[in-house]
Amino acid sequence: MSSRLGARLALIGLALVVGMGGPLRADGLPRPKDRVILTIAGAITHTNAPGQAEFDRAMLEQLGLTRLRTWTPWTEGEPEFQGVLARRLMAAVGATGTAVRALALNDFESTIPLADFERYPVLLATRIDGKQLAVRDKGPIWIVYPWSSHPELDDLPTRRKSVWQLSSLHVQ
Amino acid sequence: MAVELPARAVKTLLRPGWFRSYGLLAAVALLFTGFLVLSFYKLRQQHEVELQDVGMNFWLVSQADYELQRLRHALDGYALGHPDYDREALMQRFDIFWSRLPLLLEGTDSALIQESGAAVVTRLIDALEGIEPDLQALTPHDAAGHRRLAAEFDRMLEPLHRLVVDVESLGGIRTQEQRLRRRQLDFEHAGYLLGILASGGLLIGLLVRESRRTRALLVEATAARARIEHLAHHDPLTDLPNRLLFADRLDQALRRADRAGEFVALHCLDVDHFKAVNDCYGHVVGDRLLIAVAERIATCLRQSDTLARLGGDEFAIIQGGLREPGAALQLAERVLAAFGEAISLDALRISTALSIGVSLYPTHATTPAALQSFADDALYRAKSNGRSCFCLWTPDGMVGASQVPAG
C-alpha cells in the first residue's frame with residue numbers, strides 16, 4: 001500500500017519536473033522558424049522540443065560557420081566546405097555522452113565517438129564552395145573530416161563516419 | 001635479398017660435427033618458415049589492394065541501385081495515394097537517388113567505374129533531368145503518368161544492374177598505377193613462392209641425407225659391435241672359439257646331455273713336439289701349422305661338435321649328444337688317423353701328430369671343471385705313453401684304450 005503511494009508521489013514529482021523543465025530549457029535554444037533539417041536527441045541538456053533539440057538551416061549556421069578545405073574520397077580536387085564545427089554544436093546542446101549515432105535521410109547509420117570532434121575539426125558542412133548543399137549534393141548536412149591535413153583518416157572507418165544527408169543525431 | 005655470409009660463419013658451417021648437419025638444417029628450416037610468412041604477408045597485401053579497388057566501387061554502385069529501387073517504390077506509393085508518400089517524400093527519394101550518381105563519376109573511391117561505366121552514369125543523370133519536371137507535375141491517382149514514369153525508372157535499373165555485375169568482375173580494369181602496383185605485388189609473391197619451393201626442397205634433401213647418414217652409422221655400429229663380440233669369444237689366429245666360449249659351450253652341452261640322458265665326451269688335444277717346430281721354423285710357420293691343424297681336426301667333426309683353441313698348441317673338442325661312450329673313442333681314432341699324412345706348408349712338409357686325453361660325462365665327472373681336469377690327466381697319460389695316441393680317463397690309473405696310428 002505504502003509502496004504504491006510512493007510510486008504515485010514519484011510520478012507526480014516527475015511530471016512537475018518535466019513540466020517545469022521544458023519551458024526553462026527552451027530558453028537556452030531558440031525555436032526553429034523554418035523547416036527542421038537536424039534533430040539532436042539523447043544525452044543532451046539543452047533542448048527546444050520535448051527531449052530533443054531541433055535546428056533549421058539558419059539556426060545551425062548562426063552557431064558560426066567554419067571553413068575547411070579538404071579532399072574527400074567522393075569529390076574532385078579540394079573543395080572548400082563551410083559549416084558548424086561538430087564540437088561547437090555538441091557544446092550548444094550540452095552533449096554529455098561519449099558517442100553520437102548519426103542517421104541519414106537514406107537510413108544510413110553510423111556511430112561516431114565524441115572524441116573525434118575534440119581531436120579533429122570535424123565539420124557539419126552545409127555549404128560547398130559557397131553553395132548550399134542540397135540533398136542532391138549530399139546535403140543538407142554532410143559530416144566532413146579534415147582529410148587533407150590528416151592523412152591517417154584515409155581508411156574505411158572514417159569513410160563510414162562521414163555521413164552525408166545527415167538528418168538526426170542521437171547522443172549516447 | 002642477397003645475404004653475405006662472413007668467412008668465419010662459412011667455416012663454421014663447413015666444420016664437421018653436429019653443427020654442420022643440424023645447424024644447416026635449422027637454418028634452412030628458418031629460411032623456409034621465413035618465406036612462408038613473407039608469402040602470406042604478400043598475399044594479404046594483394047588481397048587488400050584487390051578489396052580496396054573493387055570493394056569501394058561495388059559499394060557505391062550497389063547503393064545507387066538500392067536507392068533507385070526505393071525511388072521506384074516511393075513512386076508507386078505516391079501514385080496510389082499512400083499516406084507515407086507525399087510529394088515531398090517522393091522528391092526527397094528522387095534527390096537521394098540523384099545524389100548517388102555523381103559519386104560514381106568523381107573521387108577516388110569510384111576509380112574503376114569512372115573507367116568502365118562513366119558513359120552509362122552520365123546518360124542516367126541526363127535521363128533524370130528529363131524526368132524531373134514530369135515527376136514534379138505528377139499527381140496522385142494519375143495512372144497514365146505513373147505508368148510512364150515507372151517505365152522510365154525501370155529502364156534505368158538494367159544499366160545499373162549491369163554496372164554492379166561489371167564492377168564485380170572488374171579485376172583486370174584499373175588505372176595504370178594500380179596495374180603496375182598489382183604486377184609488382186604478383187612478381188614479389190612469385191619470388192617468395194619460389195623461395196618456399198627452393199628452401200622446402202633443400203630442407204627435404206637435407207633431411208633425407210641426414211636420415212641416410214644416421215642409418216649408415218647405425219649399420220656400422222651394429223657391425224662393429226658384432227665384431228667386438230666375435231673377438232671376445234674367438235681365437236684371433238684360428239678363429240676357433242676361445243676359452244670363454246668353450247666354457248659356455250661345455251655348460252650348454254652338459255645341460256643338454258642331462259635333459260636327453262646322453263653322454264658328452266671332452267677331448268683335450270695337444271700337438272706333439274710343437275715347441276720344436278716353433279724353434280726350428282720360427283713363429284710364422286708355427287702359427288700357420290696351428291691353423292692347418294685346426295682345419296684338419298675340423299674335417300673329422302660333426303656340425304654339432306665344438307672345436308676350441310684353449311691356448312698355445314692346446315685344443316679341445318666337445319662332443320655332445322652321444323648315445324654310447326664308444327663314439328668318443330671312434331672320434332679320437334678318427335682325429336689321430338687324420339694326421340697320418342704330413343701337413344704341407346708351401347714347400348715344407350711337416351709330420352705332425354697329436355696326443356688326446358678323453359673324459360666322459362656323466363660317467364667320469366659331473367661338473368665341467370672335474371671333466372676338464374680328468375681330460376687333462378688323460379692327455380698327460382697319453383703323452384707319457386709315447387705321444388701320438390689317445391687315452392680315456394679311468395679312475396684307477398687311467399689306462400684305457402690307446403692306439404698308436406701309423407706314421
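## A strand with several partners in chain A

Let's start with a pairing: strands E7(A) and E9(A) run antiparallel and are joined by three bridges. One of the matched pairs here is A:Leu124 with A:Ile143, the latter sitting in E9(A). Keep in mind that everything in this report comes from a predicted model.

E7(A) also pairs with strand E4 (residues 80-85) of chain A, again antiparallel, through five bridges. If you look for A:Ala125 in E7(A), you'll find A:Gly83 opposite. Then there is E8(A), which pairs with E7(A) in the antiparallel sense over two bridges, with A:Arg127 opposite A:Gln132 of E8(A). E7(A) and E8(A) make a hairpin with two residues between them, and A:Asp129 in that turn has a positive phi of about 50°. How many residues of strand E7 (residues 123-128) of chain A are buried? Six of its six residues are, and the strand counts as mostly covered.

## The loop between E8 and E9 of chain A

Follow chain A into the loop between E8 and E9, and you meet A:Lys138. Its phi is near 70°, which is positive even though the residue isn't a glycine. Is A:Lys138 buried or exposed? A:Lys138 has 27 C-beta neighbours inside 10 Å, so this residue counts as buried.

A:Pro140 is found in that loop too, between strand E8 (131-132) and strand E9 (142-144) of chain A. The peptide bond leading from A:Gly139 to A:Pro140 is cis, with omega near 5°. For background, most peptide bonds are trans, and most residues other than glycine have a negative phi.

## A glutamine and its contacts

Now find A:Gln172, in the segment after strand E10 (166-171) of chain A. With 15 other C-beta atoms within 10 Å, A:Gln172 is partly exposed. Which residues does A:Gln172 touch, leaving out those up to four places away in sequence? They are A:Gly42, A:Ala43, A:Gly97, A:Thr98, A:Ala99, A:Val100 and A:Arg101.

A:Ile44 gives you a nice look at how the chain folds back: A:Gln172 and A:Ile44 are 128 residues apart in sequence, but their C-alpha atoms are 9.0 Å apart in space.

## Chain B at a glance

Over in chain B, there are 12 helices and seven strands. The chain has 407 residues, and 27% of them count as buried. Take the contacts in chain B between residues at least 6 apart in sequence: 65% of these join residues at least 24 apart.

## The open sheet of chain B

Five strands of chain B form an open sheet with mixed pairing, in the order E2-E3-E1-E6-E7. Which strands are at the edges? Strand E2 (306-311) and strand E7 (390-392) of chain B are, each pairing on one side only. From one strand to the next, the twist averages 20°.

Within this sheet, strand E1 (residues 263-271) and strand E6 (residues 354-361) of chain B pair in the antiparallel sense over eight bridges. B:Val264 has B:Tyr361 in E6(B) as its bridge partner. B:Tyr361 turns up again in the peptide bond to B:Pro362, which is cis with omega near 0°. B:Pro362 belongs to the loop between E6 and H12 of chain B. As for helix H12 (residues 368-384) of chain B, it lies across E1, E6 and E7 of chain B and runs at about 145° to E6(B).

## Two helices side by side

The loop between E1 and H9 of chain B holds B:His273. Its phi is near 55°, positive in a residue other than glycine, and its 16 C-beta neighbours inside 10 Å make B:His273 partly exposed.

Helix H9 (residues 274-281) and helix H10 (residues 283-299) of chain B pack with their axes 7 Å apart, at an angle of about 140°. That angle is why H9(B) is described as oblique to H10(B). H9(B) contributes B:Val277, B:Asn278 and B:Tyr281 to the contact, while H10(B) brings B:His283, B:Val285, B:Gly286 and B:Leu289. Sorted by class, this contact has four nonpolar, three polar and no charged residues.

## Where the two chains meet

Finally, how many residues does each chain bring to the contact between them? Chain A supplies 13 residues and chain B supplies 11 residues. On the chain B side, helix H3 (residues 87-100) gives the largest share, five residues. That side has three nonpolar, four polar and four charged residues.

Definitions and conventions:
Residues numbered from 1 in each chain as written. Chains lettered and ligands numbered in written order. Predicted model: local features only at pLDDT ≥ 70, side-chain atom pairs only at ≥ 80, totals over all residues. Contact = placed C-beta atoms within 7 Å. Helix = DSSP H or I, 4+ residues; strand = E, 2+ residues; numbered from the N terminus. Nonpolar A, V, L, I, M, F, W, Y, C, P; charged D, E, K, R; others polar. Buried ≥ 20, exposed ≤ 12 C-beta atoms within 10 Å, placed from the backbone. Axes fitted to C-alpha atoms, helices over the stretch in contact; angles between N-to-C directions. Parallel < 35°, antiparallel > 145°, perpendicular 65-115°, else oblique. Pairing = 2+ DSSP bridges.
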